[in-house]
Amino acid sequence: MAFVAPSPSTQSLLRASLSSHEPKAQWTSSVNPSDQFSFASTAVASFQRPSSAKSLSAESKRCKSVVPLAAKVASPDVDNNVVGEDYEKLAKELENASPLQIMKKALDQFGNDIAIAFSGAEDVALIEYAKLTGRPFRVFSLDTGRLNPETYQFFDTVEKHYGIHIEYMFPDAVEVQALVRGKGLFSFYEDGHQECCRVRKVRPLRRALKGLRAWITGQRKDQSPGTRAEIPVVQVDPSFEGIDGGIGSLVKWNPVANVEGHDIWNFLQVMNVPVNPLHSQGYISIGCEPCTRPVLPGQHEREGRWWWEDAKAKECGLHNGNIKEKEALHLNGNGNGISTTNGSANVPDIFNSKNLVSLSRTGIENLARLENRSEPWLVVLYAPWCRFCQAMEGSYVELAENLAGTGVKVGKFRADGEQKKYAQQELKLGSFPTILFFPKHSSKPVKYPSEKRDVASLLAFVNALRLFLLMSLIISFLFSPSNLLGFTVTEARVVPAMYVFGDSLVDVGNNNYLQFSFAKANFPHNGLDFPTKQPTGRFCNGKNAADLLAEKMGLPTIPPYLSMASKLNKSYNLFLNGVNFASGAAKIFKEDQQYPQSISLGEQVDYYLSVKEGLGQQIGTFKTQKHLSKSLFTIIIGSNDIYTYFDSSTSNRSTPQQYVNSLVLTLKQQVKRLYDYGARKFVIVGIALIGCTPSERNERSDQECKADVNQLSAKYNQVLISMLKNLKSELKGINYSYFDGYSVMHNFIQNPTAYGFAEVKAACCGLGKLNADAPCLPFATYCSNRSNHLFWDRTHPTEAAHRIFVDYMLSGPLQYTFPINVKKLVSI
């Protein structure tokens, strides 16, 4: 895993531990005999300072089994018996405390009667925090019998890394047998996951907690906006009971409740904590294998769980206390959030704004019936008593304000009570809130698929559909020109322009104009799948990342700079949509060449400066600055510099670290030049796993990846990330999205079928071993199915791979886009 330097928020997570000057400690563990009935091993991880000779013994603290043979079912009429502490008051006192401080408080207060609940995901951070406190701690986990093999392997890794034994809890074999024999192995796909979770998770958890007075969870507020938005850092557990029995006998600690997901990942990377390998395959929230899948770009992390059920309160039952009692009355047996009553007449209405249209039953019927609307509509189906609807009120009202005057109407329709049946049958209401987009020229509404209901996500949804509508209208123009009246390309734009800098990964034809360059792709079979079916100078079978990102931004194809250089004296307006300066074989370092083979990054920036000055003369300085400040500046370069280190005497003159430090410093200078000349929004892509290209594999007898090339690439990415963080504090108003192409390409190679690839080693076009003995020249052979190949030629991805890269750049999760993805960047 690549090192990521800590952000300010990450530093606050570490502050308490980093301020300690205590000597390094040893870790030991003591193990009791396992209890044969519950199958739970009993272990305590002990922190022993060098000055202390005695290690903690689990046996002296508790009996052989951490859980009783049976646990009582919690009864609601049992009095609260947690004494000696006002936990609501304590939660307020600890609201701004670091996770480390909260963890220390919990372990100090409960000692051996508290344990960490570990799921095998990023909640491994809890174990690291516990270790940092220097206190003894216990860890337990629920083995449902349906976990991924990677998760079981990860449990073993964690035990070895920390020198502990995890206390595993198992479901009752008789109950599991009855469920499977009665309903089959996959009944949850038909009647919901609650029953299976109750048998495999909730009841084993009850037994585990009956042996404790407190437990520690990895819940975060940002994990599930519907159910976890208000969790405190400590609370009396509202659902389970502890060793003394009765509701109120158990305390629940949530040390990372106020920590955002990206800060958890920064912490794990900084502390070099092992993580579940499923994370690198796109899994964020990890549970049982049949109920968990990778999260796609643009999806919230909980959407990888129970995806066949609608966006709702996605809890398995372990944290049902997050759903308040009044709200639970509105949930049916499957927890889908559909009202079973007419709601409360005393609950005040929500989504009140002058920019929001309140639709009656007749109004929504007419809207749904129209084939051609005068403008598109976004409508929320809601119930005012629904807590999830209340939680999104602010963002929806703000969205309505942002869309005012843009040609998109924003409305609301109260769909509970007497309107519920109609909404279910005609509007596909599944849960509250349901958000529908009614396109301008289509009667069928599009349902918003995500649980993430912040302004940026909703706005991206609207913009994406408007862009899709534009493309549909262009196609329909062949048959009905009148459909285009009053509709312009700029309606679908996300940014005014995009300026691209880089190498052959994003070159769209600049090298065609370099007389002496051998780094050209203006011959077959390049361009085989491009719209014109002709070679264009792109090192690809079709479109590359520059083309595809421009499409996502609602922009026309960005032209190569050198194709327009002769037109500069006529009109700089040609560059208002952006321009591509990228050049095949380009490097960050400039090389002295009598016959230039490429355009170095510095020279590309020089070209941009001339364009900027020309725009200022033509449209004025103020308009130019405003235009550039909203435009995207995309930089994809560095691979050729890495190759150069191994192909020349450079490695004899500098160490790998010195080389990448110098490389990143040079890049920083060029970024600052762009900033000085108006650039404010940057998309910067790290170097991918270039030691695994067909050309590199072909140089090894075993055709495996070149580790030294990949290691230098990773080292460069580490320094680059650190530089970008520092640049953010140095340059006022600069914003950026860093894309981790290294990790995404690693995912392609490790799990190709998940991304639609059948071949990740050999090139599609070429000759010889791995089709990498020769470039993709006219006499080379090429594969028939380019979409299932990762590589087009010896070193460049196919259009299919470029598309996935761009999808992750645009909407990817925090593991791959830092500190924000492109979608959020353009909304700033």
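**Thr 144**

I looked up the burial of Thr 144 in this predicted model. Thr 144 has a relative accessible area of 2%, so I put it down as buried. I placed Thr 144 in the loop that runs between β4 (139–142) and α6 (149–162). I then checked its side chain and found one of its polar atoms 3.1 Å from the backbone nitrogen of Arg 146. For contacts I left aside the neighbours within four places in sequence, and noted Pro 171, Arg 200, Lys 201 and Cys 288.

**Cysteines without a bond to report**

Cys 288 came up again when I turned to Cys 291. The closest cysteine sulfur to that of Cys 291 belongs to Cys 288, at 5.8 Å. A disulfide needs the sulfur atoms within 2.5 Å, so I recorded this distance as too far for a bond. Cys 291 has 9% relative accessibility and therefore counts as buried. I also looked up Cys 197, which counts as buried because its relative accessibility is 8%.

**Disulfides**

How many disulfides does a search of the whole structure find? I got three.

I started with Cys 692 and Cys 705, which are joined with an S to S distance of 2.0 Å. I read 115° about the S-S bond, which makes this link right-handed. Cys 692 sits in the loop between β17 (681–685) and α23 (694–697), and Cys 705 in the loop between α23 and α24 (707–730), so the bond ties together parts 13 residues apart in sequence. I noted both Cys 692 and Cys 705 as buried.

Next I took Cys 764 and Cys 783, joined by a disulfide with S to S 2.0 Å. The angle about the S-S bond is -105°, and I entered the link as left-handed. This pair links distant parts of the chain, 19 residues apart: Cys 764 is in the loop between β19 (759–763) and β20 (765–766), and Cys 783 is in the loop between β21 (781–782) and β22 (789–791). Cys 764 and Cys 783 are buried.

I then went to Cys 765 and Cys 776, whose sulfur atoms are 2.0 Å apart in a disulfide. I found 80° about the S-S bond for Cys 765 and Cys 776, a right-handed link. Cys 765 belongs to strand β20 and Cys 776 to the loop between β20 and β21, so the link ties together parts 11 residues apart in sequence. I marked Cys 765 and Cys 776 as buried.

**Pattern**

Which pattern do the disulfides follow, with bonded cysteines counted along the chain? I wrote down 1-2, 3-6, 4-5.

Technical notes. Residues numbered from 1 in each chain as written. Predicted model: local features only at pLDDT ≥ 70, side-chain atom pairs only at ≥ 80, totals over all residues. Heavy atoms only, no water. Helix = DSSP H or I, 4+ residues; strand = E, 2+ residues; numbered from the N terminus. Buried < 20%, exposed > 50% of the residue type's maximum accessible area, 1.4 Å probe, protein only. Polar contact = N/O pair within 3.5 Å; in protein donor to acceptor, adjacent residues only side chain to side chain. Contact = heavy atoms within 4.5 Å.
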